[in-house]
Amino acid sequence: MGLFLKIFIPFLGGALAFYFYSAPQSFNEEMLRGRRVIVTGASSGIGEQMAYHLARMETHLLLTARTEAKLQKVVQRCLELGAASAHYISGSMDNHSFPDVVVKEAENTWGGLDMLILNHIGYSGVGYFNGDVGQVRKLMETNFLSYVAMTTSALPMLKESDGSIVVVSSVAGKTGSPFAASYSATKFALDGFFSSLRHEFIMGKVNVSITLCILGYINTESAVQAISHIIQATPAPKEECALEIIKAGALRQRELHYPPWLVSSTVLMRDIAPEFLDSIIRSSYNLENVKR
């Protein structure tokens, strides 16, 4: 089985990624020059790297995250890299009013918006579900409902600019992941809501694109710290991941899979061999390191 997986999954996933999910070669940084972009969860990890890529492309940036000191440093670096402008607003997305505050800041600063990149997440921990329903509700507020709230607030400006919504999600929102029940639930919710909303936009002739970014294991500090001791896998680079997200949004792709071969293979196997996929997923964990 091990040899089969080593040969079959990369081959099949690579083929799928090439035909369906790889970014077209027509991307050009000029597409984003001067564009007005909100990036959430921008103080570290993938969000921070997206901010730096967008700065090099000379966009106008509004960055948000919980930690003001980190945001200040990211904004300064963005200005050094060539951003047309860079601002920040700090706060927590589990505050019901904060999504509206962020969007209103963009409206007051720029008078419009071209791209909304939703990337923030709340901390859920990794371990057996302990029955804490309150924690599930809190995580749903941050990881899902705030995405809906920001989209709702930003939509009038995005309609005016024929803009784009980029939703950073996870393979955990395509197939269930052990020891991440609450997190996985929020990502499934994102997939369901934004996939449905895309239909409505197309049927209602609303020229706002929705790009769902389905990510695997990425080498952000938080992800490595949370799961490196329990999962047998090598994380993909956050810098490249961030750039692929930006390209997918600029090209108005329906969906991005990254790393492409791994995520595409997982999604395919979910549909054609779900029990086989489940057994592979379970076998990749070091159970002795999982907290009960």
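**Exercise 1. Place the salt bridge between K174 and E255 in the fold.**

Step 1. In this predicted model, the side chains of K174 and E255 meet in a salt bridge, with N and O 3.3 Å apart.

Step 2. Locate the partners. K174 sits in the loop between strand 5 (164-170) and helix 6 (181-203), and E255 belongs to strand 7 (residues 255-258). The pair therefore ties together parts that are 81 residues apart in sequence.

Step 3. Check exposure. K174 is buried at 12% relative accessibility. E255 is also buried, at 6%.

Step 4. Widen the view. K174, D191, R254 and E255 form a linked network of salt bridges.

**Exercise 2. Which parts does the R35 to D114 salt bridge tie together?**

Step 1. The closest N and O atoms of R35 and D114 are 3.8 Å apart. The cut-off is 4 Å, so the pair counts as a salt bridge.

Step 2. R35 lies in the loop between helix 1 (2-21) and strand 1 (36-40). D114 lies in the loop between helix 4 (98-110) and strand 4 (115-118). The parts joined are 79 residues apart in sequence.

Step 3. R35 is partly exposed, at 37% relative accessible area. D114 is buried, at 10%.

**Exercise 3. Why is C213 not bonded to C241?**

Step 1. The closest cysteine sulfur to that of C213 is in C241, 7.8 Å away.

Step 2. A disulfide needs the sulfur atoms within 2.5 Å. The C213 sulfur is therefore too far from that of C241 for a bond.

Step 3. C213 is buried, at 0% relative accessibility. C241 is buried at 0% as well.

Step 4. Across the whole structure, the search finds zero disulfides.

Key:
Residues numbered from 1 in each chain as written. Predicted model: local features only at pLDDT ≥ 70, side-chain atom pairs only at ≥ 80, totals over all residues. Heavy atoms only, no water. Buried < 20%, exposed > 50% of the residue type's maximum accessible area, 1.4 Å probe, protein only. Helix = DSSP H or I, 4+ residues; strand = E, 2+ residues; numbered from the N terminus.
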